[in-house]
Amino acid sequence: MSTNRSRMNRRELLAGLTGSLVTAGTASVLPLVAMARARGTELSFSRVDLRGGHDADIAGLLPDVADDQSRRFQNAINEAARAGRILRLPPGTFVVSNIDLPDGARIIGVPGATRLIYGGRGHGMLAEGARRIELSGFTFDGANQRLGEYVTGLIHLRGVAEAKIEDMELSGSSGYGLTLEASGGRISRSEISGAGLAGLYAVESRGLAITDNVVRDCANGGILVHRWSIGEDATIVARNRVMRIAARAGGTGQNGNGINIFRAGNVIVTNNHVSDCAFSGIRANSASNIQITSNQAIRSGETAIYAEFSFEGAVIASNLIDGGTVGISVANFNEGGRLAAVTGNIIRNLTTQGPYPAEYAGFGIGMAIEADAAVTGNVIEGAPKWGVLMGWGPFLRAVNFTGNTIRASGAGVAVSVVEGAGAALISGNMFDDVPGGAVIGCRWNDVVTKDLTKVGAGRVPHLTVERNAVA
């Protein structure tokens, strides 16, 4: 066959492909081809590129060179976004700074092989007011370089309606690993480590989902869901692994929490594994209608699961807590904290040694509960001081404590008998190996009654103590 004969032009090749497709029973391609021919044009291969890719080498990006490639990188992103295409990054390392993500930016790397390093001259990646941003499959190393004052995260998304961050690795940020401000979307299957503040900071979110991520070895927090003022947030935090969170900035609970919900209402925190946090595994502050369910909180430095301050409505159910100074605290009726269902939790292996000198009732308490609450089906084992602290001074109202098991603890239930304390029902519980008594009356931190489950201990008008089993 002659050389000229062996070279088919583009029109002949396309015709041959079309004929093959028809033979295979895919005649749906013919109308598209016919329309192209009727206009006197050829069907460009770019029109049938199913990947929609935009190769980085076309933009002059070179992996594994020492030069800063911010300008080339920015141009490549802008060009791909304008064309509605994906910027696909090859394996290798790129040094970049001050990358602005336009609306529609979609960047995909090779997981475990594409690596960006922040050059340290302002910000890493920043998007403002975009409808949609997608980042996937690459590592971004902050190299512990300082961020500008106008951003808080190595990747900072501000006012992004739909953010899609998945299969990413973020490390070494001097601030937050990832900041989402007034944004929605989902963060999934990513790993954030070594942040100087917290791994992920989401503030004023709009229907955000944070799922299946690993957040580890951060200086002051793991996953933070905050609002500037109390309001509905509706973020879902599910199936994440959060571990080794420090509190290098100090304090008595502001820092050092694995998952922290602050002022954000209607948030769900479920099926997370949280371990080795300096303070709480999960801490909800002024967060109404919070659900904290089916999580594990292991070796917490202070209270493992906390619902505190001015909240109304908390469901804390089916969690497993092993380690901490207090297992579950639903507190601050004095600040308006009320209305809770605490059911089916296991709390064990608590300690009296906390991260700061003990205050108020101290440490070594399985559960603290104050107002308008149903507490049932929980098992508490190994609370050195008290299994349950019920009320604090006059701050006790309408607590129903039934069907729980407390064993191997200093005492069972320490309930407030201070003037002004409200009603509590303590019924049908099992107490085993509680040498300090099954149910004892307290004035703040001082025990002032005998065991109220025993005959002759006397009655306290606002308490109903009945049908409990004491081994």
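What follows is a conversation about how several descriptions of this predicted model are reached.

Colleague: What makes up the secondary structure of the protein chain, and how many of its residues are buried?

Modeller: The protein chain comes to 4 helices and 46 strands, and buried residues make up 51% of its 471 residues. Its accessible surface is about 19,900 Å², with 51% of that area belonging to carbon and sulfur atoms.

Colleague: Why is A76 called buried?

Modeller: A76, which lies in helix 4, has a relative accessibility of 0%, and buried means under 20%, so A76 counts as buried. The C-alpha atom of A76 is separated by 8.3 Å from that of L61, 15 residues away along the chain.

Colleague: What makes L89 buried, given that L89 is found in a loop?

Modeller: The loop in question runs between strand 2 (86-88) and strand 3 (92-96), but the term rests on the relative accessible area, where the limit is under 20%; L89 has 4% and therefore counts as buried. From C-alpha to C-alpha, L89 and A113 are 9.7 Å apart in space, with their positions 24 residues apart in sequence.

Colleague: Why is R189 paired with D167 as a salt bridge?

Modeller: The closest N and O atoms of R189 and D167 are 3.1 Å apart, and the definition asks for a side-chain nitrogen of Lys or Arg within 4 Å of a carboxyl oxygen of Asp or Glu, so the pair qualifies. R189 sits in the loop between strand 14 (185-188) and strand 15 (191-193), while D167 sits in the loop between strand 11 (162-166) and strand 12 (169-171), so the salt bridge ties together parts that are 22 residues apart in sequence.

Colleague: Are R189 and D167 buried or exposed, or does some other term apply?

Modeller: Partly exposed is the term for values between the limits of under 20% for buried and over 50% for exposed; R189 has 44% relative accessibility and therefore counts as partly exposed, and D167, with 31%, is partly exposed as well.

Colleague: How do you know that R227 and E204 are joined across separate parts of the chain?

Modeller: Their side chains meet in a salt bridge at 3.1 Å, N to O. R227 belongs to strand 19 (residues 221-232), and E204 to the loop between strand 16 (198-203) and strand 17 (208-211), so the pair ties together parts that are 23 residues apart in sequence. R227 has a relative accessible area of 12%, and is therefore buried by the limit of under 20%.

Colleague: What makes R299 exposed, while its partner D276 is called partly exposed?

Modeller: The side chains of R299 and D276 meet in a salt bridge of 2.7 Å, N to O. R299 lies in the loop between strand 27 (296-298) and strand 28 (303-308) and D276 in strand 24, so the pair ties together parts that are 23 residues apart in sequence. Exposed means over 50%, and R299, at 51%, is therefore exposed, whereas D276, at 30%, counts as partly exposed. The phi of D276 is near 55°, a positive value in a residue other than glycine.

Colleague: Which residues do salt bridges with shared partners join into one network?

Modeller: That network is made of K164, E166, D167 and R189, and the structure as a whole holds 26 salt bridges.

Colleague: What makes strand 29 and strand 32 a pair?

Modeller: Two strands pair if there are at least two bridges between them, and strand 29 and strand 32 (residues 338-343) have 5 bridges in the parallel sense, so they meet the definition. E312 stands opposite R338 in strand 32. Strand 29 (residues 312-317) is also joined by 4 bridges to strand 26 (residues 290-293), and those two strands run parallel; here T293 has A317 as its bridge partner.

Colleague: Why is I346 eligible for a nonpolar surface patch?

Modeller: A patch takes residues with over 30% relative accessible area, and I346, in strand 33 (residues 346-348), has 37% and therefore counts as partly exposed. With L320 and V379, I346 makes a nonpolar surface patch of about 190 Å².

How values were computed. Residues numbered from 1 in each chain as written. Predicted model: local features only at pLDDT ≥ 70, side-chain atom pairs only at ≥ 80, totals over all residues. Heavy atoms only, no water. Patch = residues over 30% accessible without salt bridge, like charges linked within 9 Å, V, L, I, M, F, W, Y side chains within 5 Å. Areas by Shrake-Rupley, 256 points an atom, 1.4 Å probe, with all protein chains shown as cover. Buried < 20%, exposed > 50% of the residue type's maximum accessible area, 1.4 Å probe, protein only.
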